[in-house]
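Please open the model in a viewer and keep the sequence panel visible. The tour below proceeds from one selection to the next.

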Amino acid sequence: MLKISFSETSTEERWILHGRLTVPWVQELRACWKKKHHTDVERACIVDLNEVIFIDKSGERLLSMLARDGAQFAASGIYTKHVIEHLNVRRKRRLSNELGCLILLVLAAAFGAGCERRVASAPAPPAPTVEVAPVIQKNVPIEGEWVGTLEGYVNAQISPHVSGYLIRQNYQEGGFVRKNQVLFEIDPGPFQAALDQAKGQLAQAEAQKANAELNVKRDVPEAEAHAIPQAQLDTDTQALLGAKAAVEADQAAVEQAQLNLGYTKVLSLIDGIAGVNTVQVGNLVGPSTVLTAVSQVSPIKVYFPISEQEYLRMADGGGPGSVDFITHASRIPLQLTLADGSAYPHPGRIIFADRQVNTQTGTIQIVGEFPNSKNLLRPGQYARIRAPTGSITGALLVPQAAVNQQQGTYQVTVIGSDNRAQLRTVEVGPRVGTLWVITSGVKPGERVVAVGADKVKEGGLVNPTPYKGTEER
């Protein structure tokens with residue numbers, strides 16, 4: 001997999017690559033590069049390869065393209081330094097060959113001008129040998145492939161409700177915990193004392209209330225008999241109301257003290273995998289302290305971005321053979337490939353698409369889920385996600401090696417029945433394995449050059465041989 005990080009200042013833009021720069025990820029980096037790299041901005045462009053662990057031939061070709069665009073490379077590892085030195089040697093050799101050819105042309109022109117022609121013409125060079133493949137036509141299913149990141153279905157940060165000294169940890173780090181399981185305990189002594197005090201104040205308030213009730217009960221007949229003034233009855237009545245209010249306030253204080261005492265036991269909010277604790281027993285903790293995190297990983301979520309063009313093509317299912325990513329999202333099976341290249345045995349499904357397109361990358365976030373009963377998948381893992389995106393009836397297919405991309409246009413070299421080369425501009429569709437769908441520009445059965453296109457010129461005669469990669473198709 002390949003992770004791409006990007007940062008920029010007024011004087012520099014920096015691309016930081018992590019992982020493997022190989023065929024599955026080269027096209028993604030190339031697309032990001034074309035979208036974000038602006039050659040008209042006068043600032044340095046640094047491509048940081050310090051975290052790259054492997055680069056294949058396609059990756060080397062891409063690095064050469066970046067170098068032609070003005071990129072500078074940062075590489076401290078032995079492996080990446082070797083790759084950069086290899087690219088520099090090839091670039092110097094190419095420049096040397098071009099200079100040598102120019103010198104020979106100048107000498108030949110001078111020799112021809114100063115000497116008498118003794119022969120009519122030199123013998124024609126032999127036709128270059130190229131490998132050709134036929135344009136095949138068949139119905140093909142289309143699959144998309146993206147880089148995804150796994151996240152817990154629910155990620156709960158565990159913090160205490162009250163402040164105090166941590167006296168016990170009751171769970172195994174990295175183990176499975178249940179909802180309402182006690183994870184930590186805070187010293188309950190101060191909270192038990194506060195509860196006892198609140199209960200004492202409540203008892204005192206209840207006694208005062210009982211006394212006020214007796215006073216009112218005694219005053220009512222005496223006031224009716226005019227044995228005491230009415231003002232005394234009114235005063236005792238108001239005292240009773242105040243005593244009742246005091247009892248209610250003290251009852252609330254007791255309930256709050258009981259809650260605080262219960263909060264000394266810090267519970268898990270969900271079923272899930274508990275993480276590493278961030279504090280030690282004996283530390284003073286409070287509501288702002290994150291003690292640990294618990295993640296629900298069965299099922300587990302996966303986040304992966306798709307391009308805006310892919311989203312528009314698949315969003316309403318209106319295109320020929322396309323899949324409706326919105327209405328029938330839950331029916332679209334997802335396949336997950338782990339970092340070691342193995343396939344996860346359980347298919348997933350799409351949950352929803354994000355509400356907006358990322359303005360920096362031109363992608364929209366898709367969220368899916370996978371069953372994870374054995375807890376094999378964990379938050380933070382990277383994985384390749386594949387899903388069917390449609391099918392094409394009667395698609396025209398050529399090897400990817402036969403397609404040459406230059407300045408946003410795609411070209412192939414077609415070999416006619418007379419073995420002469422013809423350069424054609426074509427329009428391309430999605431890739432299917434090692435093949436590329438051509439939507440216009442070629443016909444079924446025509447032969448295209450898959451290897452050696454750089455050795456032929458428009459209208460030139462070639463010696464065609466079968467493409468050795470045909471068996472792989």
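Begin by selecting residues 164–169, strand β7, and residues 182–186, strand β9: three bridges join these two antiparallel strands. Strands (E, at least two residues) and helices (H or I, at least four residues) are DSSP runs, numbered from the N terminus, and two strands pair if DSSP finds at least two bridges between them. The model is predicted, so local features need pLDDT of at least 70 and side-chain atom pairs count only at pLDDT 80 or more, whereas totals for chains, interfaces and linings use all residues. Residues are numbered from 1 along each chain as its sequence is written, and side-chain values use heavy atoms, with hydrogens and water left out.

**The sheet around β7**

Within the pair just selected, Arg168 has Glu185 of β9 as its bridge partner, and Gln169 is matched with Phe184 of β9. Next, add β12 to the selection: two bridges join β7 to β12, and the two run antiparallel. Here Tyr165 stands opposite Leu284 of β12.

Now show the whole sheet, which is open, has four strands in the order β10-β9-β7-β12 and is paired in antiparallel fashion. Strands β10 (265–267) and β12 (284–285) form its edges; each has a single partner strand, so one side of each lacks a neighbour in the sheet. Strands of a sheet pair through backbone hydrogen bonds, either parallel or antiparallel.

**Thr264**

Move to Thr264, in the loop between α5 and β10. Is this residue buried or exposed? At 4% relative accessibility, Thr264 counts as buried; buried means under 20% relative accessible area, exposed over 50%, and partly exposed in between (1.4 Å probe, protein chains only). Its side chain reaches the backbone oxygen of Leu261 at 2.5 Å. Setting aside neighbours within four places in sequence, the residues in contact with Thr264 (heavy atoms within 4.5 Å) include Phe184, Glu185 and Phe191.

**Helix α4**

Phe191 leads to the next selection, as Phe191 is one of the buried residues of α4. Select residues 189–224 to display this helix of 36 residues; at 1.5 Å a residue it should span 52 Å, and its end C-alpha atoms, 53 Å apart, agree with that. The expected span is 1.5 Å times one less than the number of residues. Other buried positions in α4 include Leu195, Leu202, Asn215 and Asp219. What covers the buried residues of α4 includes α5, residues 230–262. Just after α4, select His226, which takes a positive phi of about 60 degrees.

**Backbone features further along**

Proceed to Pro299, in strand β13 (residues 292–307). The peptide bond from Ser298 to Pro299 is cis, with omega near 0 degrees.

Then select Asn375, in the loop between β16 (363–370) and β17 (382–399). Asn375 is a residue other than glycine with a positive phi, near 60 degrees.

Asn419 follows, in the loop between β19 (409–415) and β20 (421–432). Its phi is likewise positive and near 60 degrees. At 24% relative accessibility, Asn419 counts as partly exposed.

**The whole chain**

Finally, display the entire protein chain, whose secondary structure comes to six helices and 23 strands. Buried residues account for 34% of its 473 residues. Of the contacts between residues at least 6 apart in sequence, 74% join residues at least 24 apart.

Methods: A polar contact is a pair of N or O atoms within 3.5 Å; within protein, one must be able to donate a hydrogen and the other to accept it, and residues adjacent in sequence count only if both atoms are side-chain atoms.
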